[in-house]
Amino acid sequence: MPLRRRRPWRALVIALLALALLPFVLTVAYRAVDPVSMLMVSRWLTGQRVERVWVPLAGIAPALPAAVIAAEDARFCTHAGVDFEALGQILDEGEDLSQVRGGSTITQQVAKNLFLWNSRSFVRKAIEFPIALWIGVVLPRHRVMEIYLNIAEWGPDGQFGAEAGARHAFGRSARSLSAREAALMAGILPNPVQRSAGRPGPGMRRLAGTYQARARTADVSCLP
């Protein structure tokens, strides 16, 4: 009988399929397992500093998730992981999704931080959407918020998570943050390397004031 020809492309297809499915499998595990972000892994692999102490949501001042929702994703408790209403508004205004902070929900940012690369490309956005929708199905909202607060970059020297960020900025635990301090931390999330919650400039103080005011009426009904 003739020998079958090897088909190396099959192995490649299987490997690519497994890689594509990995985020969906890991998301299920993250119901119980506390994850790290791709940026944290990258820093570890390159010998850079990483400071992160996982804190459950109950160990974080309620003012912080409220301020983050006010700053990042006002409909966090009601959308399915992707805010299609906000996306529609952005598209109607002709804006580039990759450039708009409001175009990414907290769940999308969790998807990016856990599984994807840090860029503003449309390709990354396209991959991010189905992962975010899956996260919205598999994980309860309070767990999504807990993961986000513990993997977000919150300082210029490898500070990840609310606990490391609070101690770096204010010298206190995330449990003890005031409403003002929480708003300042929410305000630096787009660029914690160049912005400082502990030493905010005039613009940062004004932004924090806006977030603090919005946080008072933010919808946090999905959080314990």
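**Entry 1: Asp157 and Arg49**

I started with Asp157 in this predicted model. Its relative accessible area is 37%, so I logged Asp157 as partly exposed. I then looked for its charged partner. The Asp157 side chain forms a salt bridge with Arg49, at 3.8 Å from N to O. That pair spans a long stretch of chain, with the two positions 108 residues apart. I placed Asp157 in the loop between helix H7 (141–151) and helix H8 (161–170). Arg49 sits in the loop between helix H2 (38–45) and helix H3 (63–72). The N to O distance of 3.8 Å falls within the 4 Å cut-off, so I kept the pair.

Next I checked Arg49 itself. Its relative accessibility is 39%, which means it counts as partly exposed. Arg49 also meets Glu51 in a salt bridge, at 2.7 Å from N to O. I read a relative accessible area of 26% for Glu51, so it is partly exposed.

**Entry 2: other charged pairs**

Side chains of opposite charge can pair when their charged atoms come close. I went through the rest with that in mind. The count for the model is 10 salt bridges. One of them joins Glu128 and Arg124, again at 2.7 Å from N to O. Both residues lie in helix H6 (residues 122–138), four residues apart, so about one helical turn separates them. Are Glu128 and Arg124 buried or exposed? I found Glu128 buried, and Arg124 likewise.

I also noted a network of salt bridges that links Asp34, Arg143 and Glu146. For the overall charge, I counted 27 positive and 17 negative side chains in the protein chain. The centres of these two sets are 7 Å apart.

**Entry 3: helix H3**

I turned to H3 and asked how many of its residues are buried. The tally is nine of 10, so the rest of the structure largely encloses this helix. The buried stretch includes Leu64, Pro65, Val68 and Ile69. Glu72 is on the buried list too, as are Ala66, Ala67, Ala70 and Ala71. What covers them? I found helix H5 (106–115), H7, H8, helix H9 (179–187) and helix H10 (202–215) among the covering elements.

**Entry 4: Thr27**

I picked Thr27 in helix H1 (residues 8–29). Its relative accessibility is 1%, so Thr27 counts as buried. I set aside neighbours within four places in sequence and listed its contacts. They are Phe115, Trp134, Ile135, Val138 and Leu139. Trp134 and Ile135 fall inside the H6 range, residues 122–138.

**Entry 5: the whole chain**

Last, I took the overall view. I counted 10 helices and zero strands in the protein chain. From the N terminus the order is α throughout: α-α-α-α-α-α-α-α-α-α. The C-alpha trace spans about 80 × 45 × 30 Å along its principal axes. I compared the radius of gyration with the expectation for a compact globule of 224 residues. The expected figure is near 17 Å and the chain has 19 Å, which agrees.

Of the 224 residues, 46% are buried. I looked at contacts with a separation of 6 or more, and 69% of them join residues 24 or more positions apart. The exposed area is about 12100 Å², and carbon and sulfur atoms supply 59% of it.

Key. Residues are numbered from 1 along each chain as its sequence is written. This is a predicted model: local features need pLDDT of at least 70, side-chain atom pairs count only at pLDDT 80 or more; totals for chains, interfaces and linings use all residues. Side-chain values use heavy atoms; hydrogens and water are left out. The radius of gyration is taken over C-alpha atoms; the globule rule is 2.2 Å times the number of residues to the power 0.38. Buried means under 20% relative accessible area, exposed over 50%, partly exposed in between (1.4 Å probe, protein chains only). Contact means heavy atoms within 4.5 Å. Accessible areas come from the Shrake-Rupley method with a 1.4 Å probe; for residues, only the protein chains shown count as cover. Lys and Arg count as positive and Asp and Glu as negative; His and the chain ends are not counted. The place of a charge is taken as NZ of Lys, CZ of Arg, CG of Asp or CD of Glu.
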